[in-house]
Amino acid sequence: MKKILAVLATAAVLVACEKNGTDQKPEDPNTVTYAGVTYKTVTLADGQTWMAENLRFVPEGMTVSENPTEGDIWYPYSIDGKTTTAIKDAKAIEELGYLYNYYTALKLDKKKIDELVAAKDEKAILDYLKGFEGTQGICPDGWHLPTVKELTNLVGQRIGVRDTRYPEADRPEVINEKASFYDATYKIGKVMNANNVGFNITFPGLVNKTSFTGKGIYLPAAIAGGEGKCSVAEWVGKPAMNGFIGSTVYLPSTKFNNIQFWGAQTTFAKNYPDGGMQVNFTNIGSGYSVRCVKNK
């Protein structure tokens, strides 16, 4: 009888473990699974954990567009001369991710923004959008879209601004020499530094839309090769302008035909042969890559 009871007790423990999931293989700490897709992650020297891949999640009811003049989520693209072509194959999407505008990434209320813009109520626009700094937005539970501070701590440089329309607009340049990707020679972040620590920057390009009513385009600027330009042969010919969405608003335009946020962007020039990165202005309707940051 005692043996029977012991067997039953052991079985009960096993069932309990199965229900609690303790018998299951724990999730890899260097990944995050979201909507059935597993993304690599990287924890940087400052302790911050980031996705090491661009987001490729499509919210329910939304579709991905290959036409930059319409939609809210776009395919990445290739460049041939001045011709851009959407890339839609699964392997490329896994590498490059999708491009998102701010309405989609931050889950903004477009109707409310339109009403505030029509009223030219700058303070109300800013008060509303400031509430989205560090928001989860389109990211997985337990993750958020990076703030301007987190982006600056990533690349090490945020451009200076001289704008007296609003007290918070007049901001000096910020340099953080301890930032994860900062390069003292470039005086901004370096793409090579990012990839050396597993951040895995790729080149999907970006959709540029400079006003609410403007026509969105895939930017056709390609990374140039040759002496004194890009030093990485496999990057040559890929889109030179790439960006990451940030969740900190900057300002509406003086004509109230655009709203800008702080985001991180790549730059390729003679002075940045390994690719530069800096925190700069991004447009609310343009399409950028999304990298989520794990909540502390």
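Which glycine follows α6, and is its phi positive or negative? In this predicted model, the residue that comes after α6 is glycine 156, and its phi is positive, near 95°. This glycine offers a handy starting point for a walk through the structure, beginning with the helix that precedes it.

Helix α6 spans residues 148-155, and six of its eight residues are buried, so the rest of the structure largely encloses this helix. The buried set consists of Val148, Glu150, Leu151, Thr152, Leu154 and Val155. Two of these, Leu154 and Val155, reappear among the residues touched by tyrosine 182, as does Gly156.

Tyrosine 182 belongs to strand β11, which covers residues 182-183. With a relative accessible area of 13%, tyrosine 182 falls under the 20% cut-off and therefore counts as buried. Leaving aside residues up to four places away in sequence, tyrosine 182 also touches Ile175, Asn176, Glu177, Lys187, Ile188, Gly189 and Asn193. Between tyrosine 182 and asparagine 153 there are 8.8 Å in space, C-alpha to C-alpha, while the two lie 29 residues apart in sequence.

Turning to helix packing, helix α4 (residues 110-118) meets helix α5 (residues 122-130) at an angle of about 155°, and their axes are 9 Å apart. Angles over 145 degrees count as roughly antiparallel, and α4 and α5 are therefore placed in that class. On the α4 side the contact is made by Lys112, Ile113, Leu116 and Val117, and on the α5 side by Ala124, Ile125, Tyr128 and Leu129. Sorted by class, this contact comprises seven nonpolar residues, one charged residue and no polar ones.

The model also contains pockets, and it is worth a look at the largest pocket, which has a volume of about 220 Å³. Its lining is formed by 17 residues, of which Tyr103, Lys110, Lys209, Phe212 and Gly285 are the closest to the centre. The lining of this pocket is mixed in class, with five nonpolar, seven polar and five charged residues.

For the protein as a whole, seven helices and 19 strands are found. Of its 296 residues, 50% count as buried. Contacts across the sequence complete the picture: among those between residues at least 6 apart in sequence, 62% join residues at least 24 apart.

Note on methods
Residues numbered from 1 in each chain as written. Predicted model: local features only at pLDDT ≥ 70, side-chain atom pairs only at ≥ 80, totals over all residues. Heavy atoms only, no water. 1 Å grid on protein atoms, 1.4 Å probe; cavity = no way out; pocket = protein on both sides within 12 Å on 5 of 7 lines; lining within 4 Å. Points joined across faces, edges and corners; volume = space filled by probe spheres on them. Nonpolar A, V, L, I, M, F, W, Y, C, P; charged D, E, K, R; others polar. Buried < 20%, exposed > 50% of the residue type's maximum accessible area, 1.4 Å probe, protein only. Helix = DSSP H or I, 4+ residues; strand = E, 2+ residues; numbered from the N terminus. Axes fitted to C-alpha atoms, helices over the stretch in contact; angles between N-to-C directions. Parallel < 35°, antiparallel > 145°, perpendicular 65-115°, else oblique. Contact = heavy atoms within 4.5 Å.
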